[in-house]
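Dear colleague,

I am passing on the structure we spoke of, and I would be glad if you looked it over with the notes below beside you.

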Amino acid sequence: MTSKDAVTAAPPLRNLLAVAVLLSAALIAGCGSLAEASFKSIGIAISGKPDIAPDPDAVAANRFAQIKVNGSDGGAILVLGNIDGKRQAWYSADRSIVFLQDGLVVATHGGRSELRSMSIEGSNPFHDLRKVEAGTTVHRRYDVMPGYHYGMRVTGTLQPLGQETLRILGKSRELLHIQETLDGAGWSTRNHYWVDPDNGFIWKSVQAISADASLEIVQLKPFSADLRNR
């Protein structure tokens, strides 16, 4: 992959998943939510296109952490709804959810392919990808619907590809590009991660949630206040 604008570089998409975020108290009640019970529309601008170009001013003005997600069903801006330990739940307007942990997609809810669970067995290099060496292997286990594909064991092989310049919300970032080749249980695809060389934070990634579906995730307004100002 060449250096590109991280917000506008997604492949063509078929349908609009969601472009505004609206969470109700019922959605997040009892989950240790970061938002109050009176959680209301946060005012992200609506676009009629399959992909969206977030407005930097609108993102900055909103007090909630935000990510942009592209998948086979379209593009969406999601907000952070709750945190359980290190597991973050990010919600879209249509109540689709992407669960992240250490920057990895560990589950999804909604969409044609639904990742019920992803776990790493053994050593986890994603705690700090800056230290990863070429050929490092990752042992994953996936549960995917539809089709009741449970317990699929997939091996990832990591390969640092050097430093690249990406633009996120108009700001250039020099990031480390790490590629992960997935193989096993009928999988033959690649994940990509763009990592901050100063702290290991994953600003952008492309991650498979099934053998034939992936999500592109861009951090627009990270949860950490320190990262927001970088």
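The secondary structure of this chain, which is a predicted model, amounts to three helices and twelve strands. Of its 230 residues, 48% count as buried, and the accessible surface comes to about 10,700 Å², with 50% of that area belonging to carbon and sulfur atoms. Among the contacts with a separation of 6 or more, 52% are made by residues 24 or more positions apart.

I began with the strands at residues 66-91. Strand 1 (residues 66-71) runs antiparallel to strand 2 and is joined to it by six bridges, and the two form a hairpin with two residues between them; within this pairing, Val69 stands opposite Ala76. On to strand 3 (residues 87-91), strand 2 is again antiparallel, here with five bridges, and Asn82 of this pairing faces Ala89 in strand 3. Strand 2 and strand 3 also form a hairpin with two residues between them, and Gly85, which lies in the turn, has a positive phi of about 70 degrees. As for strand 2 itself (residues 74-84), nine of its eleven residues are buried, so that the strand is mostly covered.

The nonpolar interior was the next matter. The largest nonpolar core has 39 residues, and those with the most contacts inside it are Leu129, Tyr142, Trp187, Tyr193 and Ile217. Once neighbours within four places in sequence are left aside, Ile217 is in contact with ten residues that include Ile67, Lys68 and Val69, of which Val69 is the residue that stands opposite Ala76 in strand 2. Other contacts of Ile217 include Val98, Leu100, Val105 and Trp203. Trp203 itself is listed in a second, separate core of twelve residues, which also includes Val59, Leu166 and Leu220. In soluble globular proteins, nonpolar side chains tend to be buried together.

Finally, I looked at a single glycine. Gly156 is placed in strand 8 (residues 149-168), and it counts as buried because its relative accessibility is 0%, where the cut-off for buried is under 20%. Not counting residues up to four places away in sequence, Gly156 touches Thr136, Thr137 and Val138, and also Glu180, Thr181 and Leu182. Gln179 lies 23 residues from Gly156 in sequence, while the two are 9.4 Å apart in space, C-alpha to C-alpha.

With best regards

Key:
Residues numbered from 1 in each chain as written. Predicted model: local features only at pLDDT ≥ 70, side-chain atom pairs only at ≥ 80, totals over all residues. Heavy atoms only, no water. Helix = DSSP H or I, 4+ residues; strand = E, 2+ residues; numbered from the N terminus. Buried < 20%, exposed > 50% of the residue type's maximum accessible area, 1.4 Å probe, protein only. Contact = heavy atoms within 4.5 Å. Pairing = 2+ DSSP bridges. Areas by Shrake-Rupley, 256 points an atom, 1.4 Å probe, with all protein chains shown as cover. Core = buried A, V, L, I, M, F, W, Y, C linked by side-chain atoms within 4.5 Å.
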